[in-house]
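Visitor: I would like to learn how to read a protein model feature by feature. Could you take me through one, giving the general idea before each case?

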Amino acid sequence: DVCSSDLSLADESFFSGPIPGGEQSTGEFGEIITSGWFESGGLEFNNTFSDFFEFDFTSWNQWAYSNVTDNVTGGFQNQYGVITGSGAGDSRTFGVAYVDQQGSHSPPTIKKSPEDARQFQSLLLTNTTYAVRSMQNGDSFAKKFGGASGTDEDFFKLTVTGLDNNGVEIDALEIFLADFRFANSEDDYILEDWVEVDLTPLADAASLEFTQDSSDVGESGINTPTYFAVDNVQLTEPTLFLDVTPSIVDEDSPDPVTGRVTRFHSDPSFPLTVDLAVDDSSRVGLTASVTIPANTSFVDFSLELINDDLVNDDQSVLVSASATGQIGDQESLLILEDDILSLQLEASETTLSEGNSFSVSVSRNAADLSTSLTVAFSATPDGLIDFPSEVVIPVGQASTTFSISAPEDEIER
């Protein structure tokens with residue numbers, strides 16, 4: 001889970017910067033500003049940390065992570081506590097975001113690396129203790145939501161904007177962290193539980209930006225503490241789905257066998273080369289790879305049944321599809337045997353003169369050669385040629401040879 005299991009902290013602590021090795025600059029008031037990204041679950045979270053060392057004061061923006069469980073104490077000193085008292089599902093660590101109201105810093109952002117083919121699926125969201133207690137009670141900067149009468153139409157809103165690799169907006173979602181605009185005041189709420197946010201409208205985004213709005217706005221921007229908490233950012237893995245039709249076929253069937261490979265949870269704007277394979281190429285032939293064209297989700301291909309004229313058991317052949325950065329898939333094709341066990345004789349000559357001989361091959365069409373086979377012979381009419389009464393086709397061989405001869409005699413025929 002992103003923003004949870006892979007971030008380590010001591011009990012009741014937090015990390016809000018500076019990022020080790022981050023880019024440093026000097027601010028307007030001589031403060032040292034360190035900007036960078038920390039990583040969780042393969043995603044990157046931005047953080048800006050400012051050290052006003054002359055004034056013995058620090059500040060941060062964008063993302064921090066925390067395991068502070070204080071869900072009672074209001075005020076700025078508890079800016080890292082979460083109102084639920086723990087991460088989602090009792091996870092130990094969660095993300096805390098702060099949205100700068102002065103426009104000096106970019107908004108909290110979660111971004112994927114360019115080679116990350118996963119898609120955003122969902123995240124869990126709640127309020128910080130600081131924001132909730134401010135909205136419930138008011139403080140020196142912000143009003144109590146609902147006002148003295150409880151009927152003021154207040155709100156606290158989070159907007160999640162999905163951006164592509166060029167920074168162009170794909171779509172945006174609005175989630176209300178508090179909403180007092182209902183006709184019935186009993187419906188007014190401040191979010192105090194972890195709630196799941198469906199990110200599928202932003203699935204193809206390369207990054208997510210988070211901004212906030214509130215009904216309580218002053219000359220310096222939003223008065224409500226612009227904090228929120230996030231946990232368990234989920235992404236879907238790019239996946240291939242393989243289908244073979246029909247899935248059961250006679251070995252000598254004249255009907256075509258077709259496959260379709262479909263991609264899910266990946267950017268369809270690029271072509272995708274898919275490698276194909278079978279676990280027994282003596283029974284099924286197919287091309288080594290196919291390409292799903294850009295802006296297309298699937299491609300069809302043909303499978304060739306190979307009738308080997310050997311007697312096999314009904315056989316399940318495994319067809320597989322794989323591609324770089326994708327979870328592959330496999331599908332079974334059951335081939336029903338149509339041949340029956342038989343023997344075949346093949347002579348080196350078609351005529352035989354008295355006193356001469358030639359060789360004869362006897363072969364079996366069994367695919368399983370793990371046992372020997374004894375073959376008995378007879379001829380009609382009897383007595384004209386000499387041949388063995390039986391021969392053995394050895395283990396591991398499909399055929400053997402023996403000799404036929406015609407003895408000299410004084411009989412005119």
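**Reading one residue, then the whole**

Guide: Let us begin with a single residue: Thr-109 has its place in strand 7, which covers residues 109-111. Please keep in mind throughout that this is a predicted model.

Visitor: Is Thr-109 buried or exposed?

Guide: The general idea is to compare relative accessibility with a cut-off, and buried means under 20%. Thr-109 has 8% relative accessibility and therefore counts as buried.

Visitor: Which residues does Thr-109 touch, leaving aside those up to four places away in sequence?

Guide: Its contacts of that kind are Trp-37, Glu-44, Phe-45, Asn-46, Trp-63, Ser-207, Leu-208 and Glu-209. In addition, a polar atom of the Thr-109 side chain lies 2.9 Å from the backbone oxygen of Pro-107.

Visitor: Trp-63 is in that list; which residues touch the most other members of the largest nonpolar core?

Guide: That core has 40 residues, and those touching the most other members are Trp-63, Phe-120, Leu-125, Phe-210 and Phe-228. Among the elements that each supply at least two residues of this core are strand 4 (43-52), strand 5 (57-66), helix 1 (129-137) and strand 16 (227-236). A second, separate core of 23 residues includes Val-257, Ile-292, Val-317 and Ile-335.

Visitor: What does Leu-125 touch, again without residues up to four places away in sequence?

Guide: Its contacts include Leu-158, Ile-175, Leu-177, Trp-194, Phe-228 and Val-230, and Asp-193 is also one of them.

Visitor: How should I read aromatic rings, and how many aromatic pairs are found in the whole structure?

Guide: A pair of aromatic rings is described by the distance between the centres and the angle between the planes. The search of the whole structure finds 20 such pairs, and ring pairs link Phe-14, Trp-60, Phe-76, Tyr-80, Tyr-98, Tyr-130 and Tyr-227 into a cluster.

Visitor: Which charged residues lie over the face of Trp-37 and of Phe-298?

Guide: Over the face of Trp-37 lies Lys-111, at 4.1 Å from the ring centre, while Arg-260 lies over the face of Phe-298, at 3.8 Å from the ring centre.

Visitor: In what order do the strands of the open sheet run?

Guide: There are four strands, in the order 17-19-23-21, with antiparallel pairing. Strand 17 (239-245) and strand 21 (284-285) stand at the edges with a single partner strand each, so one side of each has no neighbour in the sheet. Strand 19 (residues 257-264) pairs with strand 23 (residues 298-305) over six bridges, and Thr-258 stands opposite Ser-302 in strand 23.

Definitions and conventions:
Residues numbered from 1 in each chain as written. Predicted model: local features only at pLDDT ≥ 70, side-chain atom pairs only at ≥ 80, totals over all residues. Heavy atoms only, no water. Phe/Tyr/Trp six-rings, centres within 6.5 Å; stacked < 30°, edge-to-face > 60°. Lys NZ or Arg CZ within 6 Å of the ring centre and 35° of its normal. Pairing = 2+ DSSP bridges. Core = buried A, V, L, I, M, F, W, Y, C linked by side-chain atoms within 4.5 Å. Buried < 20%, exposed > 50% of the residue type's maximum accessible area, 1.4 Å probe, protein only. Contact = heavy atoms within 4.5 Å. Polar contact = N/O pair within 3.5 Å; in protein donor to acceptor, adjacent residues only side chain to side chain.
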